[in-house]
Amino acid sequence: MIGVRGGARKGWQEGDVIIAPDKFKGSLTAPQVAAHLAAGLRRARPELPVLTVPVADGGDGTVDALVASGYSRLQTTVTGPVGNPVVASYAVRDETAVVELAEASGLRRLPGGPTPASALAASSVGTGELIRTAVQGGARRILLGLGGSACTDGGAGLLTAFGARLLDADGQPLPPGGAALARLETIDLSELIRVPVTIASDVDNPLLGPNGAAYTYGAQKGAGPDELAELERGLTRFAEVARRDLGVDLAERPGAGAAGGVGFGAMAFLGATMRPGVEIILEHVDFDALLSGARLVITGEGSLDEQTLHGKAPIGVARAAARAEVPVLAVSGRLQVARSMLRRFGFEDAFALTDIESDPEVCMAEAGRLLEELALRIAETGAIEPLTRNAL
């Protein structure tokens with residue numbers, strides 16, 4: 001049987017193979033990846049009990065993964081990164097709301113894609129509006145996933161959505177975007193609304209410097225050398241004024257540079273705490289409880305590479321499985337680290353779409369079909385047999 005986890009352990013039984021992938025970026029969401037892998041296994045082994053549990057690491061796809069695990073999806077219209085209205089989703093269960101920055105303030109929300117002008121002016125205000133909407137709807141706890149950001153504004157936009165006022169020397173509100181922060185003179189928090197926020201992120205960059213928000217991530221948002229320097233000046237001024245007037249000195253805290261500095265703004269002014277994204281997501285889908293009867297876990301993401309090894313979703317899944325002494329296989333679009341290295345992180349083996357299709361463009365365009373074929377081959381060649389024999 002193929003079970004899809006809802007609010008309870010629906011369809012679960014002893015001996016399950018748990019399929020817990022992240023998205024294949026640019027091709028398939030995590031729920032789609034899980035469904036295709038399950039379909040491929042089912043074709044080869046219809047008697048094998050399979051449970052799909054899509055996961056994420058706090059970036060793009062976090063809402064999709066939690067909706068697939070029993071959260072409700074809600075939508076509202078908010079301000080996009082350059083002022084354009086966008087319809088953004090968030091997930092809710094009980095009094096917890098999950099907000100994904102990429103939904104409101106992500107690169108994919110830029111009309112026409114990233115440009116030098118958008119890099120300077122893009123704002124996180126829509127993310128703040130999304131959180132505010134969730135709170136007005138009854139949420140008492142906010143999980144904020146950071147990733148895929150179009151903005152480098154230090155979280156200034158998010159804060160203005162909660163009542164903060166960022167003023168220039170004439171007492172006028174600054175326009176949106178990171179570049180404008182260079183003219184910041186006063187931060188007025190007298191009307192700031194604070195809500196409990198936990199940040200889900202695997203980024204440990206500081207706010208400033210060569211490893212900071214601007215110089216590490218600004219280029220992918222459209223910034224050239226001049227724009228990077230301008231954004232760095234704005235973030236530096238933001239940190240200076242926060243330290244001078246409010247005693248807030250968190251620019252060097254790991255994660256302050258996440259999502260263009262939104263990590264800094266949320267931690268410094270909303271008192272947010274930050275944790276590795278995949279750990280939080282696994283808690284929210286009750287992954288440890290599901291592992292108690294499993295005999296095999298299959299995880300993966302679009303590219304298994306060096307970044308994966310620094311705490312991306314597949315590594316989090318593998319660590320959780322190792323604690324439960326459940327073997328793990330990895331599946332990806334492309335495999336860019338040695339299988340011997342993956343074994344050091346607890347994986348029994350790894351498989352990639354490029355094993356069966358050498359053309360990367362075909363792998364992207366036909367990822368669903370190829371995933372099913374790959375899962376079928378894994379099952380037919382006996383790769384899962386030694387790992388599941390005791391379950392059947």
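Rings of Phe, Tyr and Trp (its six-membered ring) count as a pair if their centres lie within 6.5 Å, and such a pair is stacked when the planes are under 30 degrees apart, edge-to-face when they are over 60, and tilted for the rest. By that definition the structure holds 3 aromatic pairs. This is a predicted model, in which local features need pLDDT of at least 70 and side-chain atom pairs count only at pLDDT 80 or more, while totals for chains, interfaces and linings use all residues. Residues are numbered from 1 along each chain as its sequence is written, and side-chain values use heavy atoms, with hydrogens and water left out.

**Aromatic cluster**

- F238 and F264 form an edge-to-face pair, with 5.6 Å from centre to centre and 75 degrees between the planes.
- F238 lies in helix α8 (residues 225-246) and F264 in helix α9, so this pair ties together parts that are 26 residues apart in sequence; helices (H or I, at least four residues) and strands (E, at least two) are DSSP runs, numbered from the N terminus.
- The rings of F238 and F269 have centres 5.7 Å apart and planes at 20 degrees, so that pair is stacked.
- F238, F264 and F269 form one aromatic cluster, and both F238 and F264 are buried (under 20% relative accessible area with a 1.4 Å probe, protein chains only, where exposed is over 50% and partly exposed lies in between), while F269 is buried as well.

**The sheet and its helices**

- An open sheet of 6 strands follows the order β4-β5-β6-β7-β10-β11 with mixed pairing, where two strands pair if DSSP finds at least two bridges between them.
- Because β4 (72-79) and β11 (273-275) stand at the edges with a single partner strand each, one side of each is left without a neighbour in the sheet.
- Strand β10 (residues 197-200) pairs with β11 in the parallel sense over 3 bridges, and T198 stands opposite T273 in β11.
- Helix α9 (residues 258-270) packs on the sheet, touching β10 and β11 (contact means heavy atoms within 4.5 Å), and its direction makes about 155 degrees with that of β10 (axes are lines fitted to C-alpha atoms, for helices over the stretch in contact, and angles run from 0 to 180 degrees between N-to-C directions).

**Helix α12**

- In helix α12 (residues 313-323), 8 of the 11 residues are buried, so this helix is largely enclosed by the rest of the structure.
- The buried residues of α12 are covered by elements including α10 (277-284), β12 (296-304) and β13 (328-335).
- Just after α12, E325 takes a positive phi of about 55 degrees.
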